[in-house]
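Hi there,

Here is the structure I promised to pass on to you. Have a look at it first, and then read on for what turned up in it.

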Amino acid sequence: MNKTLFHLAFPVNNIEETKAFYGEGLGCQLGRETANSIIMNLYGHQIVAHVSKDTLTPQNGIYPRHFGLVFTSEADWETLLDRAQQNHLKFYQDPKRRFPSLPTEHRTFFLEDPFGNFLEFKYYCYPEAVFGCNEYAQVGDV
């Protein structure tokens with residue numbers, strides 16, 4: 001196990017739909033569950049879906065809020081991409097290369113869960129770009 005794990009809690013309206021999307025669709029290991037929440041393992045990180053009684057209004061686009069993973073292996077990124085496609089998960093943005101030919105070049109795709117939460121999955125072609133390459137100011141879509 002990693003020394004430090006990332007934790008994220010997010011809203012959903014239905015635990016069964018959550019289990020279908022995150023468990024069956026993305027391959028998250030399902031953990032403890034109540035009628036109002038479920039803990040899941042997303043590649044070694046803890047995500048927790050909490051049922052909200054409020055109407056979940058999707059935001060208009062991926063900004064300002066989304067979450068996901070940065071893969072250190074392009075093959076692992078492609079494996080998840082294939083899984084998402086095979087399970088007919090809803091793509092908000094199809095796979096693409098962002099910033100081609102720059103040190104910040106990366107592959108990315110966005111999924112939308114049944115509750116309007118956006119998930120981004122990335123693979124950086126140059127590992128130093130994950131936290132570095134500060135001289136390149138572009139972040140996200142222009």
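Let's begin with one pair of residues: H7 stands opposite Q46 in β4. Please keep in mind that this is a predicted model.

**The four-stranded sheet**

That pair belongs to a longer pairing, as β1 and β4 run parallel to each other over six bridges. As background, strands of a sheet pair through backbone hydrogen bonds, either parallel or antiparallel. Here four strands make an open sheet with mixed pairing, in the order β1-β4-β3-β2. Which strands stand at the edges? They are β1 (7-12) and β2 (29-33); each has a single partner strand, so one side of each is left without a neighbour in the sheet. On average, neighbouring strands of this sheet are turned by 25° against each other, ignoring direction.

Next, try following the chain from β2 onwards. A hairpin of three residues joins β2 to β3, and these two strands pair in the antiparallel sense over three bridges. In this pairing Q29 has N41 as its bridge partner in β3, while E33 has I38. Another hairpin follows, with two residues between β3 and β4. Y43 sits in that turn and has a positive phi of about 55°. β3 and β4 are antiparallel too, with six bridges, and L42 is bridged to H45 in β4.

Helix α1 (residues 15-25) packs on this sheet and touches β1, β2, β3 and β4 (45-51). The direction of α1 makes about 5° with that of β3.

**A residue to click on: V12**

V12 lies in strand β1. Is V12 buried or exposed? Its relative accessibility is 0%, and buried means under 20%, so V12 counts as buried. Leaving out residues up to four places away in sequence, V12 touches T18, A49, H50, V51, S52, L56, F115 and N117. You can also compare V12 with V48: they are 36 residues apart in sequence, and their C-alpha atoms are 9.8 Å apart in space.

**Helix α2**

α2 has 13 residues and reaches 18 Å from its first C-alpha to its last, close to the 18 Å expected at 1.5 Å a residue. Which residues of α2 are buried? They are W77, L80, L81 and A84. These cover an arc of only 105° around the axis, which puts them on the same side of α2. The general idea is that an α-helix has 3.6 residues a turn, so residues three or four places apart point the same way. The face turned away from the buried side of α2 carries the exposed residues T79 and Q86. Among the elements that cover the buried residues of α2 are β5, β6 (91-98), β7 and β8.

**The largest nonpolar core**

The largest nonpolar core has 28 residues, and those touching the most other members are F10, Y22, L26, M40, I47, L111 and F121. Elements giving two or more residues to this core are β1, α1, β3, β4, β5 (67-71), α2 (74-86), β7 (106-112) and β8 (118-124). Which element gives the most? It is α2, with four residues.

F121 is a good one to display with its contacts. Setting aside neighbours within four places in sequence, F121 is in contact with L26, G68, L69, F71, W77, L80, R107, T108, F109 and L111.

Enjoy exploring!

Notes
Residues are numbered from 1 along each chain as its sequence is written. This is a predicted model: local features need pLDDT of at least 70, side-chain atom pairs count only at pLDDT 80 or more; totals for chains, interfaces and linings use all residues. Side-chain values use heavy atoms; hydrogens and water are left out. Two strands pair if DSSP finds at least two bridges between them. Axes are lines fitted to C-alpha atoms, for helices over the stretch in contact, and angles run from 0 to 180 degrees between N-to-C directions. Contact means heavy atoms within 4.5 Å. A nonpolar core is a set of buried Ala, Val, Leu, Ile, Met, Phe, Trp, Tyr and Cys residues joined through side-chain atoms within 4.5 Å. Buried means under 20% relative accessible area, exposed over 50%, partly exposed in between (1.4 Å probe, protein chains only). The expected span of a helix is 1.5 Å times one less than its number of residues. The arc is that of the directions from the helix axis to the C-beta atoms.
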